[in-house]
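Please open the model in a viewer and keep the selection panel at hand. The stops below are arranged in the order in which they may be selected.

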Protein chains: 2
Amino acid sequence: MKKEKKGKLRIIPLGGLEQIGMNITAFEYEDSIVVVDCGLAFPEDDMLGIDLVIPDVTYLKDNASKVKGFVITHGHEDHIGALPYVLKEINLPIYTTKLTMGIIENKLKEHNLLRSTKRKVVQHGQSINLGKFRIEFIKTNHSIQDASALAIYSPAGVVVHTGDFKVDYTPVFGDAIDLQRFAEIGKKGVLALMSDSTNAERKGFTQSERTVGITFDHIFAEHQNTRLIIATFASNVDRVQQIINSAYKYKRKVVVEGRSMVNIISTASELGYLNVPENTLIEIDEMKNYPPEKMVLITTGSQGESMAALSRMAADVHRKVTIQPNDTIIFSSNPIPGNEKSVSRVINELSAKGAEVIFQDTHVSGHACQEELKLIYSLVKPKYAIPVHGEYRHLKANAEVAKSLGIPKQNVFIIQSGDVLELDDESARVVDKVHTGAVLVDGLGVGDVGNIVLRDRQHLAEDGIIIVVLTLERRTNRLLAGPDIVSRGFVYVRESEQLMEDARKAVSDALDKCLSGRHTDWNKIKLTIRDAMNDYIWKKTKRRPMVIPIIMDVDV
Amino acid sequence: MKKEKKGKLRIIPLGGLEQIGMNITAFEYEDSIVVVDCGLAFPEDDMLGIDLVIPDVTYLKDNASKVKGFVITHGHEDHIGALPYVLKEINLPIYTTKLTMGIIENKLKEHNLLRSTKRKVVQHGQSINLGKFRIEFIKTNHSIQDASALAIYSPAGVVVHTGDFKVDYTPVFGDAIDLQRFAEIGKKGVLALMSDSTNAERKGFTQSERTVGITFDHIFAEHQNTRLIIATFASNVDRVQQIINSAYKYKRKVVVEGRSMVNIISTASELGYLNVPENTLIEIDEMKNYPPEKMVLITTGSQGESMAALSRMAADVHRKVTIQPNDTIIFSSNPIPGNEKSVSRVINELSAKGAEVIFQDTHVSGHACQEELKLIYSLVKPKYAIPVHGEYRHLKANAEVAKSLGIPKQNVFIIQSGDVLELDDESARVVDKVHTGAVLVDGLGVGDVGNIVLRDRQHLAEDGIIIVVLTLERRTNRLLAGPDIVSRGFVYVRESEQLMEDARKAVSDALDKCLSGRHTDWNKIKLTIRDAMNDYIWKKTKRRPMVIPIIMDVDV
């Protein structure tokens with residue numbers, strides 16, 4: 001008798017492909033679904049007024065009975081940030097490492113979800129069983145501690161998902177990436193490798209985090225007479241550790257500033273991921289008790305975010321820290337694409353206050369470059385390569401690396417969010433497309449702002465608004481009051497009185513004609529007003545403000 | 001008898017310092033003023049809807065009788081772009097080199113200013129006399145041809161102004177920078193050197209333009225089976241020349257696409273700055289007559305500008321060029337800070353169409369790095385150093401270079417727009433501040449949009465607008481109609497009907513109370529409406545749309 005045919009594994013990215021952020025991928029085998037990560041994205045420039053963007057999880061809700069839980073690779077916003085929103089729609093248990101869970105729990109507390117969410121901390125080397133899946137957590141290195149790759153075992157085969165990773169042979173805290181385990185799993189046969197594409201365009205290796213510590217030591221040694229202020233990513237606990245190490249060596253007190261920085265440092269210390277020597281940390285209010293050259297401030301704001309601590313210092317609106325000419329400010333970060341101008345603005349402001357600003361050799365990436373990708377491919381030796389985590393250009397560069405190592409072109413899959421990639425050891429192909437999308441979060445509103453609203457905001461932002469109001473007698477359509485004109489964001493009204501009065505006249509004339517005619521339904525009146533106003537304003541200014549005609553009617 | 005005391009030279013930057021763009025500097029000696037450059041700036045991210053920014057030239061208008069003319073260093077927008085606007089306010093003759101004048105004349109034609117503007121073409125090595133000044137044009141190298149440094153001779157001493165420059169020993173067209181003349185002038189004694197700070201943070205030397213030509217040759221050699229599309233800055237005629245050279249060598253026809261590219265190439269060819277072999281250029285409509293691998297397109301759009309030719313090709317909305325999987329696209333440019341994401345978007349779109357995209361080693365800067373600055377300082381040996389052309393961080397880096405060469409700290413001046421730096425061979429100091437500023441150009445409007453209008457646009461962009469209208473009886477303030485609510489850019493109205501209806505009720509209730517009271521002037525009514533609406537909407541959504549109450553009154 002023929003052996004019963006095994007099912008196929010389905011990989012369904014619900015976000016994160018062809019974009020930076022919003023990483024979330026469903027793995028489906030028969031009646032079991034596990035979801036890897038649940039991140040947010042930051043709004044694009046044209047998403048005016050939007051705070052953040054989360055994935056549309058309709059597919060998970062439609063298959064709620066199958067979904068076993070979230071498996072989280074690490075604690076960055078683009079991998080965990082949507083959890084509080086998505087958990088309100090579909091409550092699932094969360095499985096991840098200790099520090100990652102600590103950071104998630106802070107979020108769940110804020111959203112009042114801590115009690116209602118089942119959570120289980122997993123150690124590297126451990127596995128968990130979720131329906132027909134077994135998931136093994138493998139130690140990696142990244143710009144946040146406790147990052148994991150996942151080996152996802154299904155009856156159809158094993159998928160290795162790197163998460164965000166780099167190869168750091170000399171990490172600051174804990175072990176190097178568990179290359180032996182990658183090799184061991186690879187030796188037994190791996191169906192697919194899903195690997196981090198962020199730096200796939202870059203040749204060579206990413207430097208060890210420890211090299212930054214060496215730079216810090218040099219800077220501390222050369223700046224023994226100035227206060228040091230170091231801006232970095234709050235979540236980079238190893239970076240903070242290295243600043244603390246240098247501070248301890250050079251006998252400086254450490255002040256931590258910025259809400260997210262304080263939060264992460266306290267979580268990381270509590271959980272044992274940060275080693276702070278006694279009497280090193282001081283409160284910001286204690287700064288006055290020490291000379292400037294005996295202090296180092298660790299602060300948020302390395303991306304030039306306007307509300308972050310460093311930006312407020314630079315703009316002279318920080319309540320407790322004033323930049324002095326003999327401050328030395330270190331950006332221990334690179335600008336994330338899109339933040340270049342904001343970062344530059346802060347550097348200019350700091351320099352103009354006489355401070356020295358250092359931003360070279362003070363950062364290393366947390367993502368693998370081409371040689372590290374080649375190493376992982378060569379250890380895992382997957383049948384299929386599925387580049388993940390990146391814009392199309394990055395996915396493509398990763399695909400080129402895979403092909404250069406001999407993986408046949410037809411076994412390399414650049415897939416899109418929503419694609420259903422069905423695979424087993426015989427074949428792999430995209431068989432379906434499920435609904436995915438971006439849900440915009442604006443204040444308390446989740447999903448109540450969409451393209452039409454954004455288009456209106458863009459229109460308003462471009463040229464402002466002109467409102468034309470008038471009151472008609474209900475039965476006769478006789479004009480009782482108006483047209484009155486109110487504008488915002490269009491021109492200085494005081495200096496353009498004539499323009500506005502002439503525009504009002506143009507509308508008034510068109511209106512007279514329209515009301516004297518026989519067809520005077522409101523739509524026609526509104527259209528007449530809008531056209532007359534648009535024409536006049538375009539002719540005079542070559543601008544197109546939004547024109548809103550409002551008609552009221554009154555029984556007399 | 002004591003010799004009569006000589007006057008002092010006054011240097012007054014009216015723009016261009018602590019910013020990129022809008023370069024314009026007045027040099028004043030007694031009754032003579034000459035103005036170097038007259039550039040525009042591109043709007044900052046928060047200048048919503050603004051097309052471009054030009055300098056406020058109140059100081060020139062107030063001293064119109066003294067001003068002798070504009071001396072222009074080269075033909076980039078940040079040095080010539082404001083001319084058509086400023087000439088309408090103060091008509092002055094223009095002095096510059098041939099290609100620069102050709103580019104300016106194209107602008108003057110568009111603005112109908114060609115006849116009314118006196119112009120004189122000057123050759124490198126020549127001088128012109130303007131009042132008490134003599135201005136000598138010195139050959140330099142830059143990313144546009146015919147760039148000049150200026151030696152500005154006044155009775156108080158000589159100022160050397162580098163313009164935008166690099167040192168290119170092997171330029172593609174014409175001569176290398178006239179280092180001998182810099183040395184000769186320096187030998188005779190120079191009061192001040194004003195030098196380009198753009199790349200002052202970068203170590204080493206900027207590579208020769210010719211290195212890009214070598215890269216092009218390699219790319220052409222390696223891509224003999226694909227169509228080539230090369231995006232670069234329209235004004236970089238040498239770059240275009242090198243593409244044409246490679247095309248000729250590899251027997252490809254050249255197609256030029258993008259309005260500004262076509263214009264500059266035609267101007268440069270007419271004036272003899274571009275050497276196009278016969279039968280090399282073809283029209284875009286002739287493309288169908290040649291196989292793809294026998295063509296190279298030179299196009300605009302290297303900065304990801306949404307309306308430029310390459311962006312339209314990438315987005316599949318170009319009328320004549322469709323990107324094919326075997327196209328090779330070369331970005332011969334670096335993203336200008338702020339354009340990184342737009343450029344990346346275009347790269348993603350092109351890659352997703354299967355095209356190969358090359359953006360490494362295909363560009364060199366047009367600005368001097370630190371070693372070149374050191375060379376010029378060492379040839380000119382000025383008494384005073386005045387870094388120009390850059391944000392504060394760049395000016396400061398240039399100042400550090402000057403100091404490292406032994407120029408005393410107190411002789412290095414980082415000045416701001418509006419500062420009046422008065423100098424002679426005995427002393428130099430900032431003695432005054434004149435009015436300067438940025439004038440915003442929006443459509444036809446010059447200066448009719450300012451901070452209040454921009455703040456309104458930002459407010460509108462952030463959360464949209466809610467308009468509340470009502471009609472009152474004139475004498476009694478009895479409510480005849482409304483309050484009616486209209487919103488734009490706030491929420492999807494259809495999905496938020498209940499919210500809007502509840503908001504209307506909240507306003508209506510507040511209004512009832514207000515109208516029943518004794519103090520019912522319109523301002524109070526409007527305030528009541530605004531407060532009630534703001535409170536309700538903030539409570540429900542944590543957003544703050546702009547709320548505009550409009551009251552009409554009717555005699556019944």
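The tour begins at the interface and ends at a single aspartate.

This is a predicted model, in which local features need pLDDT of at least 70 and side-chain atom pairs count only at pLDDT 80 or more, while totals for chains, interfaces and linings use all residues. Residues are numbered from 1 along each chain as its sequence is written, chains are lettered from A in the order in which they are written, and side-chain values use heavy atoms, without hydrogens and water.

Select chain A and chain B together. In contact (heavy atoms within 4.5 Å) are 69 residues of chain B and 69 residues of chain A. The two chains bury about 5,600 Å² between them, 58% of it on carbon and sulfur atoms; this is accessible area (1.4 Å probe) lost on putting the two parts together, summed over both.

Next, display A:Asp448 and B:Arg543. They form a salt bridge (Lys or Arg side-chain nitrogen within 4 Å of an Asp or Glu carboxyl oxygen), with the closest N and O atoms 2.7 Å apart. Between chain B and chain A, 6 salt bridges are counted.

Now colour helix H13 (451-463) of chain B, one of the elements that supply at least two residues of the side touching chain A. H13(B) gives the largest share of that side, 9 residues.

Finally, centre on A:Asp56, in the loop between strand E4 (52-55) and helix H1 (58-62) of chain A. A:Asp56 is buried (under 20% relative accessible area, 1.4 Å probe, protein chains only) yet has no salt bridge, and the nearest side chain of opposite charge, A:Lys61, is 6.1 Å away. Among the residues that A:Asp56 touches, not counting those up to four places away in sequence, are A:His435 and A:Val439.

Methods: Helices (H or I, at least four residues) and strands (E, at least two) are DSSP runs, numbered from the N terminus. Buried means under 20% relative accessible area, exposed over 50%, partly exposed in between (1.4 Å probe, protein chains only). Lys and Arg count as positive and Asp and Glu as negative; His and the chain ends are not counted.
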